[in-house]
Amino acid sequence: MAEEAAEGAAMEGSMMKKKMMVAIDDSESSQHALNWALKTLGSTLVDSELVIYTAQSPVDIGYLYASSWGTAELIKELKESEKKAALDLLNKAKATCTGFGITAEGMTEVGDPKVAICNAVDQLNIHLLVVGSHGRGAVTRTFLGSVSNYCVNHAKCPVLVVKKAD
């Protein structure tokens, strides 16, 4: 009987520490999704781990190889600039979380955002993924793709898509 109680308490303790991820970019819809999650799920987040994640699209540098002067330095500067922008975005999001009394971990990687997000969900054992919806029409989604739609269909956890009211 005591073993069952101890087992139940251990199980309850491990179940209470959930991990949630909010995937962000520099869009207004992304900021709205983060704010919505903090306001709506704030009491849940206090007892959970929160990861703020952003994926940096790889810099298209193919055109730079046509230039013969200073290419390596220019590529390095472009990559550093992209990384700095991602870190600034994460710091801003973490400051927003702090304003709600919630501590968050920031994480960034380079790659196709929709694939990188789903890979991070799997690697970090995320229990809930929150993403914003850009509200694009069907034609735009066809050409650009939809990160939220991809995540809904490929992430290995529940996905909450937050749409901004019109």
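## Two cysteines without a bond

In this predicted model, Cys118 is a buried residue, with a relative accessible area of 9%. Cys151 is buried too, and its relative accessible area is 0%. A search of the whole structure finds zero disulfides, and Cys118 accordingly takes part in none, although the nearest cysteine sulfur, that of Cys151, is 4.0 Å away. For Cys151, in turn, the nearest cysteine sulfur is that of Cys118, at 4.0 Å, and Cys151 is in no disulfide either. Why does a pair of sulfur atoms at 4.0 Å not count as a disulfide? The two sulfur atoms would have to lie within 2.5 Å of each other, and the pair is therefore left out of the count. In general terms, a disulfide is a covalent bond between the sulfur atoms of two cysteines.

## Where helices H4 and H6 meet

Cys118 and Cys151 also appear in the contact of two helices: Pro113, Lys114, Val115, Ile117 and Cys118 in H4 meet Val147, Tyr150, Cys151 and His154 in H6. Sorted by class, this contact has seven nonpolar residues, one polar residue and one charged residue. The axes of the two helices come within 9 Å and cross at roughly 35°, and the crossing of H4 and H6 is right-handed.

Which residues of H4 are buried? They are Ala116, Ile117, Cys118, Ala120 and Val121, and what covers them includes the strands E1, E2, E3 and E4 as well as helix H6. As a general rule, an α-helix has 3.6 residues a turn, so residues three or four places apart point the same way.

## The five-stranded sheet

Five strands form an open sheet, in the order E3-E2-E1-E4-E5, and their pairing is parallel. The edges are taken by strand E3 (104-110) and strand E5 (159-162), each of which has a single partner strand, so one side of each is left without a neighbour in the sheet. On average, and with direction ignored, neighbouring strands of this sheet are turned by 25° against each other.

The pairings can be followed strand by strand. Strand E2 (residues 49-56) pairs with E3 in the parallel sense over seven bridges, and within E3 the bridge partner of Ala55 is Glu109. E1 and E4 run parallel and are joined by three bridges, with Met21 standing opposite Leu129 in E4. E4 in its turn pairs with E5, again in the parallel sense, over four bridges, and here Val130 stands opposite Leu160 in E5. How many of the five residues of E4 are buried? Four of them are, and the strand is mostly covered.

## Helices packed on the sheet

Both of the helices described above also pack on the sheet. Helix H4 (residues 113-123) touches strand E1 (19-23), E2, E3 and strand E4 (128-132), and its direction makes about 150° with that of E2. Helix H6 (residues 147-154) touches E4 and E5, and the direction of H6 makes about 160° with that of E5.

## The loop after H4

H4 is followed by Asn125, which is found in the loop between H4 and E4. This residue has a positive phi of about 55° although it is not a glycine. Is Asn125 buried or exposed? Its relative accessible area is 53%, and because the cut-off for an exposed residue is over 50%, Asn125 counts as exposed.

## Two residues of helix H2

Helix H2 spans residues 28-45 and contains Ser30, and Glu28 has its place in H2 as well. Ser30 is buried, with a relative accessible area of 4%, whereas Glu28, at 55% relative accessibility, counts as exposed. When residues up to four places away in sequence are not counted, Ser30 touches Ala23, Ile24 and Asp25. For Glu28, a link to a distant part of the sequence can be described: Glu28 and Lys164 are 136 residues apart in sequence, while in space they are 9.1 Å apart, C-alpha to C-alpha.

Key. Residues are numbered from 1 along each chain as its sequence is written. This is a predicted model: local features need pLDDT of at least 70, side-chain atom pairs count only at pLDDT 80 or more; totals for chains, interfaces and linings use all residues. Side-chain values use heavy atoms; hydrogens and water are left out. Buried means under 20% relative accessible area, exposed over 50%, partly exposed in between (1.4 Å probe, protein chains only). Contact means heavy atoms within 4.5 Å. Two strands pair if DSSP finds at least two bridges between them. Axes are lines fitted to C-alpha atoms, for helices over the stretch in contact, and angles run from 0 to 180 degrees between N-to-C directions. A crossing is left-handed if the near helix is turned anticlockwise from the far one by less than a right angle, and right-handed if clockwise. Ala, Val, Leu, Ile, Met, Phe, Trp, Tyr, Cys and Pro count as nonpolar, Asp, Glu, Lys and Arg as charged, and the others, Gly among them, as polar.
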